[in-house]
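Morning, everyone. Please have the sequence and the structure open while I talk.

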Amino acid sequence: MNTTLNKAAQANLKAALNYYGAMQAKDFDTMASYLDDEICLISPLAEINGKEEVLTAAKNFGGMLKEIHIRSKFSDHDQVMLAYDMIVPEPIGKFRAAALMDFKNIRITKIELFYDARAFEVKKSEIFSQK
């Protein structure tokens with residue numbers, strides 16, 4: 001058994017869960033502490049690069065976020081996969097999503113989101129604007 005691999009995977013999983021916990025708490029400073037300066041966010045609606053741009057999108061989305069329920073989690077060395085439900089106001093309500101996250105030195109370098117984006121088309125400009 002490779003305990004170094006297990007420790008890295010565990011640390012990255014903890015960081016991923018803390019990141020989403022901070023998102024739910026709207027603690028954007030804590031969220032920022034987990035992001036690499038060169039982070040890439042890939043979602044069905046947009047692809048953005050850079051810590052400030054990703055944090056701005058998280059703040060914009062966080063304004064409508066009510067709850068996050070992590071349903072399942074997996075970690076292997078420098079990647080974490082989360083499946084979760086998010087609750088936002090109607091007409092969207094609850095939606096299911098998954099995030100594949102890449103890490104380097106316990107910092108998130110990439111987040112790839114998977115969800116049905118049809119319900120979010122009307123909110124796209126609000127979430128990904130650089131206010």
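One definition before we start. Two strands count as paired if DSSP finds at least two bridges between them. Keep in mind as well that this is a predicted model.

Let's begin with a hairpin. Strand 3 and strand 4 form one, with 2 residues between them. His77 sits in that turn, and its phi is positive, about 55°. Strand 3 covers residues 67-76 and pairs with strand 4 in the antiparallel sense, over 9 bridges. For one of the contacts, look at His69: its bridge partner in strand 4 is Asp85.

Next hairpin. Strand 4 and strand 5 also pair in the antiparallel sense, over 9 bridges. Met86 stands opposite Phe95 in strand 5. Please remember Phe95. This hairpin has 6 residues between its strands. In the turn, Gly93 has a positive phi of about 70°.

Which peptide bond is cis here, with omega near 15°? The bond from Glu90 to Pro91. Pro91 is found in the loop between strand 4 and strand 5.

On to strand 5 and strand 6. They run antiparallel, joined by 7 bridges. Met101 stands opposite Ile111 in strand 6. The hairpin has 2 residues between the strands. Asn105 belongs to this hairpin and takes a positive phi near 55°. Asn105 is not a glycine. Is Asn105 buried or exposed? Exposed: its relative accessible area is 66%, and the cut-off for exposed is over 50%.

Strand 6 has a partner in strand 1 too. Strand 1 is residues 35-42, and the two pair in the parallel sense, over 4 bridges. Ile42 has Glu112 of strand 6 as its bridge partner.

A general point about strands. In a regular strand, side chains alternate between the two faces of the sheet.

Now the helices. Start with the loop between helix 1 and helix 2, where helix 2 is 28-33. Lys26 is found in that loop. Phi of Lys26 is near 60°, a positive value in a residue other than glycine. How exposed is Lys26? Its relative accessibility is 36%, so Lys26 counts as partly exposed.

Next topic: aromatic rings. A pair of rings is described by the distance of the centres and the angle of the planes. How many aromatic pairs does the structure hold? It holds 4. I'll show you two of them.

Take Tyr20 and Tyr84. Their ring centres are 5.1 Å apart and their planes are at 45°, so this pair is tilted. Tyr20 lies in helix 1 and Tyr84 in strand 4, so the pair ties together parts that are 64 residues apart in sequence. What about burial? Tyr20 has 4% relative accessibility and counts as buried. Tyr84 is buried too, with a relative accessible area of 3%. Add Tyr19, and you have one aromatic cluster: Tyr19, Tyr20 and Tyr84.

The other pair is Phe61 and Phe95. This pair is edge-to-face, 6.4 Å centre to centre, with 85° between the planes. Phe61 lies in helix 3 and Phe95 in strand 5, so the pair ties together parts that are 34 residues apart in sequence. Phe61 is buried, at 12% relative accessible area. Phe95 is buried as well, at 11%. The cut-off for buried is under 20%.

Last topic: empty space. Rolling a probe the size of a water molecule over the atoms shows where empty space is left. How many cavities of 30 Å³ or more are counted? The count comes to 1. About 300 Å³ of space lies in the largest cavity. The lining of the largest cavity has 20 residues. Closest to the centre are Met23, Leu41, Phe61, Leu113 and Tyr115. So we meet Phe61 again, the partner of Phe95.

Which elements give two or more residues to that lining? They are helix 1 (3-24), helix 3 (51-62), strand 4 (79-87), strand 5 (94-104) and strand 6 (107-114). Helix 3 gives the most, with 4 residues. And the character of the lining? It divides into 19 nonpolar residues, 1 polar and no charged.

To finish, go back to the picture and find Phe61. Phe61 is buried, forms an edge-to-face pair with Phe95, and is among the lining residues closest to the centre of the largest cavity. Thank you.

Technical notes. Residues are numbered from 1 along each chain as its sequence is written. This is a predicted model: local features need pLDDT of at least 70, side-chain atom pairs count only at pLDDT 80 or more; totals for chains, interfaces and linings use all residues. Side-chain values use heavy atoms; hydrogens and water are left out. On a 1 Å grid over the protein atoms alone, a cavity is a set of points where a 1.4 Å probe fits but cannot get out, and a pocket is an open set with protein on both sides within 12 Å along at least five of seven lines; lining residues have an atom within 4 Å of a point. Grid points are joined across faces, edges and corners, and a volume is the space filled by probe spheres set on the points. Ala, Val, Leu, Ile, Met, Phe, Trp, Tyr, Cys and Pro count as nonpolar, Asp, Glu, Lys and Arg as charged, and the others, Gly among them, as polar. Buried means under 20% relative accessible area, exposed over 50%, partly exposed in between (1.4 Å probe, protein chains only). Rings of Phe, Tyr and Trp (its six-membered ring) pair if their centres lie within 6.5 Å; planes under 30 degrees apart count as stacked, over 60 as edge-to-face and the rest as tilted.
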